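I opened the notebook with the hairpin and worked outward from there. These are my entries, in the order I looked things up.

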Amino acid sequence: MAIRKSNKMPQAAILKQILKRCSSLGKKNSYYDEDHLPIDVPKGHFAVYVGENRTRYIVPISFLTHPEFQCLLRQSEEEFGFDHDMGITIPCEEVVFRSLTSMLR
């Protein structure tokens with residue numbers, strides 16, 4: 001499954017918009033650099049929070065093109081929305097998430 005394409009925006013723009021809405025880049029503390037980017041997340045990656053314990057995982061942006069990961073993002077939006085401070089929260093068990101992401105690499 002792919003993210004629904006808008007008639008007005010290409011899929012790449014939609015994915016950028018999702019990342020922007022989900023990020024916690026606006027927070028200022030010692031975990032962020034002067035550009036408000038998390039210092040422990042390498043360029044080309046983003047953080048997600050998974051499972052009941054909200055364990056943080058750093059995943060490559062290339063995952064956004066995989067239909068399986070897009071499905072997780074849709075589930076995340078349905079369950080949690082994108083207007084919160086935590087960042088992207090993936091609603092699945094950690095073992096399932098690790099299994100899926102190991103297949104995407």
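**Entry 1: the hairpin.** I began with the turn joining strand 1 and strand 2. The hairpin has 4 residues between the strands, and Gly51 there takes a positive phi near 80°. I note that this is a predicted model. Next I checked the pairing. Strand 1 and strand 2 run antiparallel and are joined by 6 bridges. I looked up Val48 and found Tyr57 as its bridge partner in strand 2.

**Entry 2: the other side of strand 1.** I then turned to strand 3. It runs parallel to strand 1, and 3 bridges join the two. I picked out two residue pairs here. Val48 stands opposite Ile88 in strand 3. Tyr49 stands opposite Thr89, also in strand 3. I kept in mind that side chains in a regular strand alternate between the two faces of the sheet.

**Entry 3: the sheet as a whole.** In what order do the 3 strands of the open sheet stand? I read the order as 2-1-3, with mixed pairing. Strand 2 and strand 3 are at the edges with a single partner strand each, so one side of each has no neighbour in the sheet. From one strand to the next, I get an average twist of 40°.

**Entry 4: helices against the sheet.** Helix 2 packs on the sheet and touches strand 1, strand 2 and strand 3. The direction of helix 2 makes about 105° with that of strand 3. Helix 3 lies across strand 1, strand 2 and strand 3 as well. I noted its angle to strand 2, which is about 15°.

**Entry 5: the core.** I listed the largest nonpolar core, which has 16 residues. Which of its residues touch the most other members? They are Val48, Val59, Phe69, Ile90 and Phe97. I sorted the core by element next. Strand 1 (45–50), strand 2 (55–60), helix 2 (67–80), strand 3 (88–90) and helix 3 each supply at least two residues.

**Entry 6: Val48 in detail.** I came back to Val48 and skipped its neighbours within four places in sequence. The contacts left are Thr55, Arg56, Tyr57, Val59, Phe69, Ile88, Ile90 and Phe97. I also checked how covered its strand is. In strand 1, 5 of the 6 residues are buried.

**Entry 7: salt bridges.** How many salt bridges does a search of the whole structure find? I got 1. The side chains involved are those of Glu94 and Arg98, at 3.6 Å from N to O. Both residues lie in helix 3 (residues 94–104), 4 residues apart, or about one turn of the helix. Is Arg98 buried or exposed? I found a relative accessible area of 42%, and because buried means under 20% and exposed over 50%, Arg98 counts as partly exposed.

**Entry 8: whole-chain figures.** I closed with the totals. The chain has 3 helices and 3 strands. From the N terminus, I read the elements as α-β-β-α-β-α. Of its 105 residues, 36% count as buried. The accessible surface comes to about 7,000 Å², and 53% of that belongs to carbon and sulfur atoms. I also looked at contacts with a separation of 6 or more. Residues 24 or more positions apart account for 45% of them.

How values were computed. Residues are numbered from 1 along each chain as its sequence is written. This is a predicted model: local features need pLDDT of at least 70, side-chain atom pairs count only at pLDDT 80 or more; totals for chains, interfaces and linings use all residues. Side-chain values use heavy atoms; hydrogens and water are left out. Buried means under 20% relative accessible area, exposed over 50%, partly exposed in between (1.4 Å probe, protein chains only). Contact means heavy atoms within 4.5 Å. Accessible areas come from the Shrake-Rupley method with a 1.4 Å probe; for residues, only the protein chains shown count as cover. A salt bridge is a side-chain nitrogen of Lys or Arg within 4 Å of a carboxyl oxygen of Asp or Glu. A nonpolar core is a set of buried Ala, Val, Leu, Ile, Met, Phe, Trp, Tyr and Cys residues joined through side-chain atoms within 4.5 Å. Two strands pair if DSSP finds at least two bridges between them. Axes are lines fitted to C-alpha atoms, for helices over the stretch in contact, and angles run from 0 to 180 degrees between N-to-C directions.
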